[in-house]
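Q: Please take one part of this model and look at it closely. Start with the charged pairs, then work outward to what surrounds them.

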Amino acid sequence: GGAPVFALMGEPALLTDPEVLRTLARSVLALTVWTAVGVGFGSLVTNQVECSPLHVAPLFDETFDGLQDVGVAPMIWSPLAGGRLFQGGDANVENLRNVIKQIADQLQRPFASVVFAWIMQLPCRPLPLTGTGRIEAVGVAVEGTQFSLSRSDWFAILRAARGHEVA
């Protein structure tokens, strides 16, 4: 289970596979542009919010609380922090990367799948966006919908993201 992962792609060849088309169509339904154009799928409302283990402000600044209060599932942009989770950064980023890697290794899941699963376990039902056109990367994102992190693993990532215990 889990929230869908959106793929924003410009790859026309992907649309030739009916199953891929059905999956993408279901995912794209929540895009605000479809609502604005009036495709006829009801009044879908959403908001795009930056969130990743390197940008956790929406968890604490009432962004997600406010959206949840009105029943809006936020679309999450930059869930992998523009790739910064994978390389570079200061000691805090390195520690965060190591915590995520340990969890990924323990679960035998890809690093990015763990990040997507972490985001999708938020109670506001976020819908992560991925801007990749690489089908392998989309597959890794989708894999994040197929498992849940334990509470201790989820909070271990949050602690590492914040650089201190969660109060």
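A: **Charged pairs and their surroundings**

Arg109 pairs with Glu143 in a salt bridge, and their closest N and O atoms are 3.1 Å apart. Arg109 sits in the loop between α5 and α6 (111-120), while Glu143 belongs to helix α7, so this pair ties together parts that are 34 residues apart in sequence. Arg109 counts as partly exposed because its relative accessible area is 25%, and the buried class stops under 20%. The model is predicted, so every value here is computed from it.

How many salt bridges does a search of the whole structure find? The search finds three. Another one joins Arg97 to Glu94, with the closest N and O atoms 2.4 Å apart. Both residues lie in helix α5 (residues 91-107). They are three residues apart, about one turn of the helix. Are Arg97 and Glu94 buried or partly exposed? Arg97 counts as buried, at 11% relative accessibility. Glu94 counts as partly exposed, at 36%.

Helix α5 also holds Lys101 and Asp105. Lys101 forms a salt bridge with Asp105, and here the closest N and O atoms are 2.8 Å apart. This pair is four residues apart in sequence, again about one turn of the helix. Lys101 is partly exposed, with a relative accessible area of 45%. Asp105 is partly exposed too, at 48% relative accessibility.

Now follow the chain past Arg109 into α6. How many of the ten residues of α6 are buried? Ten of the ten are, so α6 is largely enclosed by the rest of the structure. Among the buried residues are the aromatic side chains of Phe111, Phe116 and Trp118. The list also includes Ala112, Ser113, Val114, Val115, Ala117, Ile119 and Met120.

What do the buried residues of α6 pack against? Two strands are on the list: β3 (75-77) and β4 (127-130). So are the helices α3 (57-60), α5, α7 and α8. Two of these, α5 and α7, have already come up: α5 holds the pair Arg97 and Glu94, and α7 holds Glu143.

Two residues of α6 also serve as distance markers. Ser113 has its C-alpha 8.9 Å from that of Gly139, although the two are 26 residues apart in sequence. Gly139 has its place in helix α7 (residues 135-143). Its relative accessible area is 37%, so Gly139 counts as partly exposed. Met120 has its C-alpha 8.8 Å from that of Ser148, with their positions 28 residues apart along the chain. Ser148 is found in the loop between α7 and α8. At 57% relative accessibility, Ser148 counts as exposed. Both Ser113 and Met120, by contrast, are buried.

Go on to helix α8 (residues 151-162), where Asp153 is found. Asp153 is buried, yet it has no salt bridge. Where is the nearest side chain of opposite charge? It belongs to Arg159, 7.7 Å away. A salt bridge needs nitrogen and oxygen within 4 Å. Asp153 does have contacts from elsewhere in the chain: it touches Ile103 and Gln106, leaving aside residues up to four places away in sequence.

Turn next to charges of one sign. Asp61, Glu62, Asp65 and Asp69 form a negative surface patch. Asp65 lies in helix α4 (residues 63-69). With a relative accessible area of 43%, Asp65 is partly exposed.

Finally, set these parts in the whole chain. The chain has eight helices and four strands. From the N terminus, the elements run β-α-α-β-α-α-β-α-α-β-α-α. Of the 167 residues, 41% are buried. Among contacts with a separation of 6 or more, 72% join residues 24 or more positions apart. The exposed area of the chain is about 9100 Å², and carbon and sulfur atoms supply 55% of it.

Definitions and conventions. Residues are numbered from 1 along each chain as its sequence is written. This is a predicted model: local features need pLDDT of at least 70, side-chain atom pairs count only at pLDDT 80 or more; totals for chains, interfaces and linings use all residues. Side-chain values use heavy atoms; hydrogens and water are left out. Patches are made of residues with over 30% relative accessible area and no salt bridge: like charges are joined within 9 Å, nonpolar side chains (Val, Leu, Ile, Met, Phe, Trp, Tyr) within 5 Å. Accessible areas come from the Shrake-Rupley method with a 1.4 Å probe; for residues, only the protein chains shown count as cover. Lys and Arg count as positive and Asp and Glu as negative; His and the chain ends are not counted. The place of a charge is taken as NZ of Lys, CZ of Arg, CG of Asp or CD of Glu. Buried means under 20% relative accessible area, exposed over 50%, partly exposed in between (1.4 Å probe, protein chains only). Contact means heavy atoms within 4.5 Å.
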